[in-house]
Amino acid sequence: MKKAILITVLALGSDISVAQNQDFRVLNDQLIVKQGQVLIVDVNKYILASDIGVYAFGSTYTPNKNGRTFIGVDSEKVKPGLYVVYLVNMKDGSWVGSQSSQVEVLSGSLPVVRINKKSASSQVDSKRRAKESQLISGAYARGSKSEDFTDGDFIYPLKDLFITGPFGFRAYSNATFLHRGVDLRATAGTSVLAVNSGKVVLAKTNFSLEGNMVILDHGSGVFSIYMHLSRILVKEGQTVNKGQIIALSGNTGSSTGPHLHLAFKVSGTIVDPFGSIEVINKY
Ligand SMILES: [Zn+2]
């Protein structure tokens with residue numbers, strides 16, 4: 001029966017260019033993903049169980065309750081090349097099923113922006129930072145991998161969108177570091193919108209780098225992060241709707257002028273928010 005369905009799909013001239021196996025399907029066009037973006041894998045319902053994971057890039061990823069698995073591709077750790085994706089039993093790491101898919105990771109071609117002045121990050125008190133890091137990782141740990149809180153496509157967090165600092169590398173003197181988000185032009189007090197429905201897992205003020213920050217859990221291991229805010233309008237544990245005003249933008253924390261820093265974390269990896277929104281909305 002399943003074979004017949006597969007043949008029908010191919011006969012209709014679908015854009016499946018490589019025969020997909022039946023246990024799971026990689027959704028990205030031509031099985032290609034860029035560094036800093038998201039690989040999407042649908043695990044078929046008949047094989048989906050609590051102990052089934054997707055193996056890719058040396059790690060195992062948990063599908064949500066519908067079988068959809070979002071895998072953030074690290075911009076630095078995952079090098080361009082060919083990788084094999086397959087299903088594993090998460091208890092013992094053994095291969096489940098008989099099939100695998102080959103995916104190709106392309107260079108993210110991330111921009112390198114030369115800057116004149118490094119932000120104050122090197123002056124941060126290490127004890128204070130350790131406490132902050134604990135709060136942040138605790139927030140991510142409260143996120144849900146199995147639920148899907150989203151309501152259709154992701155949107156952008158500002159009405160007027162202008163990128164002043166892309167996701168990519170910043171070069172200062174002889175050092176290069178990754179700018180792990182997108183800087184958007186926003187005068188202080190601009191309304192910041194939830195990019196999709198979700199739960200507030202962090203809403204706290206006065207982080208040394210991030211300033212006042214909100215983290216939303218969209219389920220499926222996907223988080224959106226909003227930094228340097230002047231005012232936070234939501235509380236931890238609260239549910240928010242897509243497009244809801246969650247905060248006002250500002251210039252708090254390590255920031256050299258009013259703007260919104262938007263970040264995206266997918267399955268534990270910080271990815272390019274705009275590139276990832278584009279990929280996630282496509283499927
Ligand atoms: Zn930034």
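Begin by selecting strand β11 (residues 168-172), which is mostly covered, since four of its five residues are buried. Here a strand is a DSSP run of E with at least two residues, and a helix is a run of H or I with at least four, both numbered from the N terminus. Buried means under 20% relative accessible area, exposed means over 50%, and partly exposed lies in between, with a 1.4 Å probe and protein chains only.

The model is predicted: local features need pLDDT of at least 70, side-chain atom pairs count only at pLDDT 80 or more, and totals for chains, interfaces and linings use all residues. Residues are numbered from 1 along each chain as its sequence is written, and side-chain values use heavy atoms, with hydrogens and water left out.

**The neighbours of β11**

Next, select strand β9 (residues 112-114), which pairs with β11 in the parallel sense over three bridges; two strands count as paired if DSSP finds at least two bridges between them. Within this pair, R114 stands opposite A171. Then add β12, which pairs with β11 in the antiparallel sense over five bridges. The two strands β11 and β12 form a hairpin with two residues between them, and S173 in the turn has a positive phi of about 50°. Across this hairpin, G168 stands opposite H179.

**The zinc ion**

From H179, move to the zinc ion. Which residues are its protein donors? They are H179 (NE2), D183 (OD) and H261 (ND1), lying 2.0 to 2.1 Å from the ion. Donors are N, O and S atoms within 2.8 Å of the metal (3.2 Å for Na, K and Ca); water is not among the atoms, so sites may look incomplete. H179 in strand β12 (residues 175-179) and H261 in strand β21 (residues 259-266) link distant parts of the chain, 82 residues apart. Both of these histidines are buried.

**The largest nonpolar core**

Now select I215, Y226, I246 and F264, which touch the most other members among the 49 residues of the largest nonpolar core. Such a core is a set of buried Ala, Val, Leu, Ile, Met, Phe, Trp, Tyr and Cys residues joined through side-chain atoms within 4.5 Å. Strand β17 (residues 222-229) gives the most to this core, with six residues. Leaving aside neighbours within four places in sequence, I246 is in contact (heavy atoms within 4.5 Å) with residues including V192, L216, Y226 and V240. Another core, of 21 residues, lies apart from the largest one; V41, I47, V96 and V103 are among its members.

**An open sheet**

Finally, select β1, β3 and β6, three strands that form an open sheet in the order β1-β3-β6 with antiparallel pairing. The edge strands, β1 (24-26) and β6 (68-72), each pair on one side only.
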